[in-house]
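Open the structure in your viewer and keep the selection tool ready. We will go stop by stop.

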Amino acid sequence: MLDLGRDLLALGNVVLGGDFEKVRYVVFKQVDRYIADFDLYASTLLESLGLVGRAAVFFTAADISKMRRAEGRLVELYATVGLANPACIGATHSREEHTVNILVVSRVPLSRRGLLDLYRTAAEAKAATLTARGLCGGRPSLGTTSDAVLVAAPPGDAHYAGAATEIGSETSFLIYEILNK
């Protein structure tokens with residue numbers, strides 16, 4: 001569990017905590033099997049931790065003791081990386097249990113639109129990095145079939161966080177670095 005130090009606005013495709021909600025904590029939970037109802041499992045987990053309405057939840061079959069971290073001037077990143085089930089464009093996908101989970105914590109205050117732009121930037125950087133790594137043997141890669149990305153930032157007025165911005169450029173570089181460790 002990570003304590004972000006204060007409530008931040010969060011957006012992502014995590015099970016709970018990514019719908020422009022305020023979160024203070026992020027839970028990375030390792031699971032060794034498919035869960036039939038991830039929403040219920042996440043709710044029960046947060047209830048047991050006393051974090052209902054205050055946390056986002058990532059699930060992964062990857063070893064969370066090997067979580068990766070990278071820090072820049074504008075963002076801090078955390079990732080769990082399991083590449084057993086690549087999502088390759090034009091290929092049939094496996095049902096193996098692994099995933100790439102990426103948390104991007106911005107120091108730059110962002111609007112909702114800026115948060116959405118940072119989410120897009122992170123997802124694009126993940127796909128580009130895993131394609132460059134050859135995850136799909138020369139085919140374009142989206143990542144794995146069960147990836148999740150969460151971005152969090154203090155609420156603000158900045159609407160842009162794409163590759164042409166300082167925060168977007170730094171996020172892309174750090175995702176490249178963290179996925180190539």
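Select Leu77. Keep in mind that this is a predicted model. Leaving out residues up to four places away in sequence, Leu77 touches Arg68, Arg69 and Ala70. It also touches Ile102, Leu103 and Val104. Thr171, Leu174, Ile175 and Ile178 complete its list of contacts.

Now add Ile102 and Val104 to the selection. Together with Leu77, they touch the most other members of the largest nonpolar core, which has 25 residues. Which elements each supply at least two residues of this core? Colour these strands: β1 (2-12), β5 (75-81), β7 (100-106) and β9 (148-153). Then colour two helices, α2 (112-132) and α3 (166-179). Each of these six elements meets that mark. There is also a second, separate core, with 16 residues. Pick out Leu2, Leu8, Leu103 and Ala148, which are among its members.

**Next stop: Ser106**

Select Ser106 in strand β7. Is Ser106 buried or exposed? Its relative accessibility is 3%, so it counts as buried, the cut-off being under 20%. Show its side chain. A polar atom there lies 2.8 Å from the backbone oxygen of Val108. Now show what surrounds Ser106. Not counting residues up to four places away in sequence, it touches Leu74, Val75 and Leu118. Ala152, Ala153, Pro154 and Ile167 are also touched by Ser106.

**Next stop: Ala158**

Move to the loop between β9 and α3 and select Ala158. Here the relative accessible area is 28%, so Ala158 is partly exposed. Which residues does Ala158 contact, leaving aside neighbours within four places in sequence? Show Pro109, Leu110, Ser111 and Gly114. Then try the distance tool on C-alpha atoms. From Ala158 to Met67 the separation is 30 Å. Along the chain, these two residues are 91 residues apart.

**Next stop: the disulfide**

How many disulfides does the structure hold? It holds one. Select Cys88 and Cys136, the two residues it joins. Their sulfur atoms are 2.1 Å apart. Look along the S-S bond: the angle about it is -85°, and the link is left-handed. Next, find where each cysteine sits. Cys88 is in strand β6 (residues 86-88). Cys136 is in the loop between α2 and β8 (141-144). The pair links distant parts of the chain, 48 residues apart. Both Cys88 and Cys136 are buried.

**Last stop: the rings**

Show the aromatic side chains. The count comes to three aromatic pairs. Select Phe38 and Phe59, which form a tilted pair. Their ring centres are 5.1 Å apart, with 45° between the planes. Phe38 lies in helix α1 (residues 38-49) and Phe59 in strand β3 (residues 55-60), so this pair ties together parts that are 21 residues apart in sequence. Phe38 has a relative accessible area of 25%, so it is partly exposed. Phe59 counts as buried, at 10% relative accessibility.

Keep Phe59 selected and add Tyr41. The centres of these two rings are 5.4 Å apart and their planes are at 40°, so this pair is tilted. Tyr41 sits in helix α1 and Phe59 in strand β3, 18 residues apart. Tyr41 is partly exposed, with a relative accessible area of 29%. Which residues form one aromatic cluster? Select Phe38, Tyr41 and Phe59 together to see it.

How values were computed:
Residues are numbered from 1 along each chain as its sequence is written. This is a predicted model: local features need pLDDT of at least 70, side-chain atom pairs count only at pLDDT 80 or more; totals for chains, interfaces and linings use all residues. Side-chain values use heavy atoms; hydrogens and water are left out. A nonpolar core is a set of buried Ala, Val, Leu, Ile, Met, Phe, Trp, Tyr and Cys residues joined through side-chain atoms within 4.5 Å. Buried means under 20% relative accessible area, exposed over 50%, partly exposed in between (1.4 Å probe, protein chains only). Helices (H or I, at least four residues) and strands (E, at least two) are DSSP runs, numbered from the N terminus. Contact means heavy atoms within 4.5 Å. A disulfide is a pair of cysteine sulfur atoms within 2.5 Å. A polar contact is a pair of N or O atoms within 3.5 Å; within protein, one must be able to donate a hydrogen and the other to accept it, and residues adjacent in sequence count only if both atoms are side-chain atoms. Rings of Phe, Tyr and Trp (its six-membered ring) pair if their centres lie within 6.5 Å; planes under 30 degrees apart count as stacked, over 60 as edge-to-face and the rest as tilted.
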